[in-house]
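Student: I should like to take a close look at one residue and its surroundings. Please place that residue within the whole chain as well.

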Amino acid sequence: MPASPSTARAINDRLALRLLQQEGPLTAGQLKQLTGLSRPSVADLVERLAAAGLIDVVGESGEQRRGPNAKLYGIVADQAHLAALDVRTEGVSVVVSDLLGRVLAEASVPIGGDTGTEPAVEQAVALVERSAKEAGVPALHTVGIGAPGLIDPATGELRDSGGLPAWHRRLVLALQERLPQTRVHVENETNLAALAEQRDGVARDRDTFVLLWLGHGTGAAVVLEGTLRRGASGGTGEIGFLPVPGTAGLPSAVDCEGGFHSLAGSAAIVALAERHGLTVEAQGYEPLAARVVRDAVASAATGAGAGANAADFLDALADRLAVGVAAVVAILDPGCLVLAGEVGQAGGADLAARVERRVRRMSPLATEVRASALGGGAVLRGALLTARERAQDELFAPLRRRG
């Protein structure tokens with residue numbers, strides 16, 4: 001059946017808003033060209049969106065003749081403000097932005113392992129409130145949170161998970177209590193990294209791929225035919241629990257030691273480097289495993305002296321990673337795998353190529369292995385993208401009900 005006039009208007013409005021989001025400010029003439037709508041229909045939708053406070057005139061185009069088509073229309077960026085959080089075992093990072101995703105403030109705070117639950121939560125919540133204040137934001141519309149662990153697909157809540165700090169789950173509840181008018185959404189950190197790589201990173205040309213997160217721990221995100229797959233219990237990609245050869249035992253339901261995590265987690269990578277005679281020293285805020293991998297890549301490029309040890313270490317690390325990657329490839333055949341997280345970014349094209357060569361020998365399924373373009377920042381970027389989409393969906397939704 002053909003759409004009713006009100007439904008057709010809502011579809012056109014949403015299309016125009018998405019174009020303004022993706023392309024930036026446009027003239028009415030450009031909207032007409034991109035949407036295929038008639039000039040009167042474009043004029044009507046521009047009037048509706050402006051009356052709703054969603055778009056405004058933000059300038060003029062470079063056209064010589066004046067008139068309605070010369071006006072540039074853009075989304076009202078301060079219609080809503082957003083915050084994104086990257087919650088790690090050792091601390092929290094936050095970004096505050098407008099509705100277009102322009103960053104207005106960013107900050108982070110370390111949280112020690114011996115910090116109690118309530119003090120840790122207070123530090124994190126205070127960081128969000130302080131960042132919003134510094135950005136001049138009176139209220140946050142939506143907060144997106146990226147955190148390790150399982151997200152319950154039925155409730156959208158972070159589930160209790162062994163090995164993770166108790167303050168992670170308490171933080172979500174505390175933000176909802178302290179910011180009662182704010183929509184708070186939490187998502188697994190690796191899933192958010194995959195969304196960011198698909199939108200702004202190395203997977204922009206892929207609608208099917210797997211992202212392997214290599215940081216303090218390990219994780220994977222699965223995107224099939226453009227859709228992020230979470231699984232029946234929200235646990236798709238918990239690759240740290242994957243039983244693999246080369247470990248001292250088997251993982252359990254509450255502990256991934258003995259699984260792939262024991263080969264590819266941060267502590268395992270550092271220990272592997274030490275066994276290959278590499279010097280492991282902390283420097284700045286970069287995780288130790290990422291630092292040693294980055295130094296090894298630089299040293300191996302020299303091809304002599306210490307470079308030989310570095311190359312041997314990278315080969316051994318690639319052997320370990322290929323075990324997990326080959327298992328993923330055998331089940332999903334994604335065609336592309338992204339090495340992400342701080343370690344994946346540190347290894348860059350060198351480590352990705354080493355892993356790809358090994359997987360090619362282990363599997364008949366052609367798989368391209370790419371290094372992350374966003375590294376550790378992918379989680380925060382993904383959280384911000386998700387918050388922006390949630391906010392826009394809600395703000396744009398009333399237009400569907402306009403008669």
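Tutor: Contact here means heavy atoms within 4.5 Å. The model is a predicted one, in which local features need pLDDT of at least 70 and side-chain atom pairs count only at pLDDT 80 or more, while totals for chains, interfaces and linings use all residues. Residues are numbered from 1 along each chain as its sequence is written, and side-chain values use heavy atoms, with hydrogens and water left out.

The residue chosen is S97, which lies in strand β5, covering residues 91-98; strands (E, at least two residues) and helices (H or I, at least four) are DSSP runs numbered from the N terminus. S97 is buried, because its relative accessible area is 0%, and buried means under 20% with a 1.4 Å probe, counting protein chains only. Setting aside neighbours within four places in sequence, S97 touches H81, L82, R102, V103, L104 and L384.

As for the surrounding protein, 12 helices and 13 strands form its secondary structure. Of contacts between residues at least 6 apart in sequence, 63% join residues at least 24 apart. Buried residues account for 50% of the 403 residues.

The C-alpha trace spans about 70 × 50 × 45 Å along its principal axes. The radius of gyration, taken over C-alpha atoms, is 24 Å, which agrees with the value near 22 Å for a compact globule of 403 residues; that rule is 2.2 Å times the number of residues to the power 0.38.
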